[in-house]
Structures are given as C-alpha cells and as structure tokens.
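Visitor: I would like to learn how to read the empty and filled spaces in a protein model. Could you walk me through one?

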Amino acid sequence: MFKSIPESLNRIVILTGAGVSAESGIQTFRGADGLWENHRLEDVAMPEAFARDPLLVQRFYNERRRQLTSASTKPNAAHLALAKLESAFDGNVLLVTQNIDNLHERAGSKHLIHMHGELMKARCIACGETSPLCAASGIDIDPSTNCRQCARTGTLRPHIVWFGEIPLQMDDIYHALASADLFISIGTSGNVYPAAGFVDAANQSGATTVELNLEASATRGAFKYHYDGAATTLVPAFVDAVLQRNASDRPQ
Ligand code: NAD
C-alpha cells in the first residue's frame, strides 16, 4: 500500500501535530471554530496575553494539565506505533512534536524534541529555571507558586512557546532534516511556522516526504506522497510497512 518508503532508509525525521493526539481526546487547535478549547489564540497563546491577564492564561494551562493527567487521557495507537518504530528500526529516528502534551513520552518515545515546549513543565521568568510539574507537588501554577530554584513567588509561567517566541532546539531539528532519507508529517495543519517549513528543508536534502493526515494540510502540495485517514489507523500501518522494509534490508 505504501509505495512511498525509500529503498535506502537510515534516517527518519517525524513531525507530529495536534492531530496525533486528537483520538486521545485532546482537542486540536484549528477545528471548525478556529478556537483552542473555546479560547481565541490571542487570549491564551501569546506573550502579550500573559502580560495582560496572567491569571486567565495560567487557568487555561492549569485546565489543560488537569485534562492531560486525568485517567481517561492515554497515548493512542499512533503514539505507540511511533515509539515502536524508534525501538525496532535499525537506523536513526528523530521525533519532533509541536504538541505540548506528554503522550509521546508516555508511549515510550525517547529521541523526542518538544519544539513548542511542554505542558508539564514551568519556567521561572526571573532565574530561567525550567522545572517539571507533577501530581505530588501540584500541577497548577498560581500567583502563590514559588520557583523551586530561586524561591521567588509569582514568577513561574507555563514552559510553552507562544506565538512570537522562538521554538526550541531548531538547530538540532534542521541538522536532522539535512540528512534525513524520510520525513513524515502527521496530524498537523501546516499553518504554524517554522514547523510548516520542515517539508521544504527535507525536500531540499533529498528526503522522501510523506504526509499522514485526516485531511489535506496547507502544505500538502510540498509533499511527494500523502495518505488521508485517522492517525490511529494510518500511523500503525505506515510504521509496520517501514519496519518490514527495514527487516528485508538486513543481511540474511
Ligand atoms: P492544528 O490543530 O492546527 O491541526 C490539526 C491537524 O490534525 C489538522 O490538519 C487535522 O486535519 C489533523 N487531524 C485531526 N484529527 C486527526 C486524526 N484523528 N488523525 C490525523 N490527523 C488529524 O494542529 P497543529 O498543526 O499541530 O497546530 C500547531 C499548534 O497547536 C502547536 O503549537 C501545538 O502546540 C498546539 N496544540 C497542541 C495540542 C497538543 O499538545 N495535543 C493540542 C492543540 C493545539
């Protein structure tokens, strides 16, 4: 079914977006209403919003954390398949996610870059320390929360890259794209740059580029191949095809 898997395959870079977590019950961002969990992006995902109304922004991310840590939110078959790919593939797999949830790591992915930050971490705007948030010490950030490093109060913000801020580990990502044989983009609308431009970087380095999505993204035309469907169906099938190719390439 997947004629898109290149003959010689050693280095794979995967980009995931909100669509990979949709079937775990986490809403995507640009649904029909263009809102994120009933909020305008301008109100919750920009540094200006945090400066204007920090309480509203903290409450929004506190809610997202509660949802993420609820018993019903679990990695789905797509997250699990990508973790299996990393552990079973003979070459190198780098997973880059725009998602702020922790479902890839909970599924077992290790070679993972959270380019837009992590919901389960806080960052101190005074000392710069990034620290994990966990159920034992509390997952909410409020005006009375102390930074564990510098002990100041009211200086923690979500460790999220908001619009207008610079995504994380970009050098590492472009370095991996420059030598990739296969670039797979999964469940991302292609509206948010620089991630939406990764397909161009991969094409320039001669990688085979594949989009797996429920529907065409804004950058669909840049991909050599595309397959439409739900992530929990498409991703395990694609991963199995890659692993079969990998097994058939092994010396007998
Ligand atoms: P997006 O919401 O803009 O687009 C979602 C994409 O997923 C769409 O192209 C849609 O067709 C596709 N999709 C929806 N359901 C799918 C499914 N079941 N299977 C396969 N594809 C499916 O998402 P984006 O492009 O990742 O937007 C980027 C921003 O959204 C990021 O900055 C990210 O931090 C933020 N975000 C993250 C989360 C999360 O962490 N889970 C959730 C919402 C938004």
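Guide: Happily! Let us begin with a definition: a cavity is a set of grid points where a 1.4 Å probe fits but cannot get out, whereas a pocket is an open set. Keep in mind that this is a predicted model.

Visitor: How many cavities of 30 Å³ or more are there?

Guide: The count comes to one cavity of 30 Å³ or more. The volume of the largest cavity is about 60 Å³.

Visitor: Which residues line the largest cavity?

Guide: Among them are Leu15, Phe183, Thr188, Val199 and Phe223. Sorted by class, this lining has six nonpolar, five polar and no charged residues.

Visitor: And where does the ligand sit?

Guide: The ligand takes up the space of the largest pocket. There are 27 residues around it, of which Phe29, Gln98, Asp101, Thr188 and Ser189 come nearest. Thr188 also lines the largest cavity.

Visitor: What classes of residue make up the shell around the ligand?

Guide: The shell has 10 nonpolar, 13 polar and four charged residues. Helix H1 (residues 19-22) gives the largest share, three residues.

Visitor: How do I read the polar contacts?

Guide: Look for pairs of N or O atoms within 3.5 Å. Here, a backbone N or O atom of isoleucine 100 is 2.8 Å from a ligand oxygen, and a polar side-chain atom of asparagine 213 is 2.9 Å from an oxygen atom of the ligand. A polar backbone atom of glycine 19 lies 3.4 Å from a ligand oxygen. As for cover, the ligand taken alone exposes 860 Å², and the protein buries 93% of that.

How values were computed: Residues are numbered from 1 along each chain as its sequence is written. This is a predicted model: local features need pLDDT of at least 70, side-chain atom pairs count only at pLDDT 80 or more; totals for chains, interfaces and linings use all residues. Side-chain values use heavy atoms; hydrogens and water are left out. A residue is near a molecule or strand if one of its heavy atoms lies within 4 Å of it. A polar contact is a pair of N or O atoms within 3.5 Å; within protein, one must be able to donate a hydrogen and the other to accept it, and residues adjacent in sequence count only if both atoms are side-chain atoms. Accessible areas come from the Shrake-Rupley method with a 1.4 Å probe; for residues, only the protein chains shown count as cover. On a 1 Å grid over the protein atoms alone, a cavity is a set of points where a 1.4 Å probe fits but cannot get out, and a pocket is an open set with protein on both sides within 12 Å along at least five of seven lines; lining residues have an atom within 4 Å of a point. A molecule sits in a cavity or pocket if more than half of its atoms lie within 2 Å of its grid points. Helices (H or I, at least four residues) and strands (E, at least two) are DSSP runs, numbered from the N terminus. Ala, Val, Leu, Ile, Met, Phe, Trp, Tyr, Cys and Pro count as nonpolar, Asp, Glu, Lys and Arg as charged, and the others, Gly among them, as polar. Grid points are joined across faces, edges and corners, and a volume is the space filled by probe spheres set on the points.
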